[in-house]
Amino acid sequence: MAINMTEQDSIGSCPHGGFTGDFATADRERVTVAVFTRLQFADLARATRLAGTFAFLERLVKADFSACGDLHTHRATIARLLTAWFARHTMAEVAAAFTGTTVPWARLDLTSRPGPDTEQEEWDDRQSRDPRVGSGQGQRRAVAQ
């Protein structure tokens, strides 16, 4: 299953509901996770030890995260909780936590992608390619392509 992630929405979206996310680990690796079923979310909650937190959040917002629609609706909040968990764990710890679960996940290999060396260069590069930014040259370039 391919996970379509965009720069604008790093927490992902799925037209049929569910949750996808791209997270940084403690050792500066990146991992992507996808949850579309009741069992996958239960495994994600257990593996991250956030089951109690998610249960509390469900009661608070009157949601059922075992339902794809509610997972999708509350994906930003779920992502914030998971962001903190992934930031505290190395890729090896993430792999160990997800071993034997139904959670679809993958390490993202960012070393093979050519790109800028700094976050500022990356920001500048994105801005130079964004047709909505600048003196209108980007707009003309986007139309010409």
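What do the buried residues of α5 pack against? Keep that in mind as you click through this predicted model; the tour gets there at the end.

**Stop 1: the sheet.** Select β1 (19-24), β2 (30-35) and β3 (105-108). You're looking at an open sheet of three strands, in the order β1-β2-β3, with antiparallel pairing. β1 and β3 are the edge strands, each with a single partner, so one side of each has no neighbour in the sheet. Look at how the strands cross: on average, neighbours here are turned by 20 degrees against each other, ignoring direction.

**Stop 2: where β2 meets β3.** Zoom in on this pair, which runs antiparallel over four bridges. Pick Val 31 and you'll find Arg 107 of β3 standing opposite. Now pick Thr 32, also in strand β2. Is Thr 32 buried or exposed? Its relative accessible area is 8%, so Thr 32 counts as buried, the cut-off being under 20%. Show its side chain: a polar atom there lies 3.1 Å from the backbone oxygen of Gly 21. Then draw a distance from Thr 32 to Arg 107. They are 75 residues apart in sequence, but C-alpha to C-alpha the gap in space is 6.5 Å.

**Stop 3: helix α4.** Select residues 75-87, the 13 residues of α4. From first C-alpha to last, the helix reaches 18 Å, close to the 18 Å expected at 1.5 Å a residue. Colour Ile 78, Ala 79, Leu 82, Trp 85 and Phe 86, which are buried. Turn the view to look down the axis: the buried residues fall within an arc of 120 degrees, so they line one face of α4. What covers them? Switch on the surroundings and you'll find, among others, β1, β2, α1 (38-47), α2 (51-61), α3 (68-73) and α5 (91-98).

**Stop 4: helix α5.** Select 91-98 next. This helix packs on the sheet, touching β2 and β3, and its direction makes about 165 degrees with that of β3. Colour its buried residues, Met 91, Val 94 and Phe 98. They span an arc of only 60 degrees around the axis, which puts them on the same side of α5. Flip to the face turned away from that buried side, and there sit the exposed Ala 92 and Ala 96.

Back to the opening question: the buried residues of α5 pack against β2, α1, α4 and β3.

**Last click.** Just after α5, select Gly 100, which takes a positive phi of about 80 degrees.

Key
Residues are numbered from 1 along each chain as its sequence is written. This is a predicted model: local features need pLDDT of at least 70, side-chain atom pairs count only at pLDDT 80 or more; totals for chains, interfaces and linings use all residues. Side-chain values use heavy atoms; hydrogens and water are left out. Helices (H or I, at least four residues) and strands (E, at least two) are DSSP runs, numbered from the N terminus. The expected span of a helix is 1.5 Å times one less than its number of residues. Buried means under 20% relative accessible area, exposed over 50%, partly exposed in between (1.4 Å probe, protein chains only). The arc is that of the directions from the helix axis to the C-beta atoms. Contact means heavy atoms within 4.5 Å. A polar contact is a pair of N or O atoms within 3.5 Å; within protein, one must be able to donate a hydrogen and the other to accept it, and residues adjacent in sequence count only if both atoms are side-chain atoms. Two strands pair if DSSP finds at least two bridges between them. Axes are lines fitted to C-alpha atoms, for helices over the stretch in contact, and angles run from 0 to 180 degrees between N-to-C directions.
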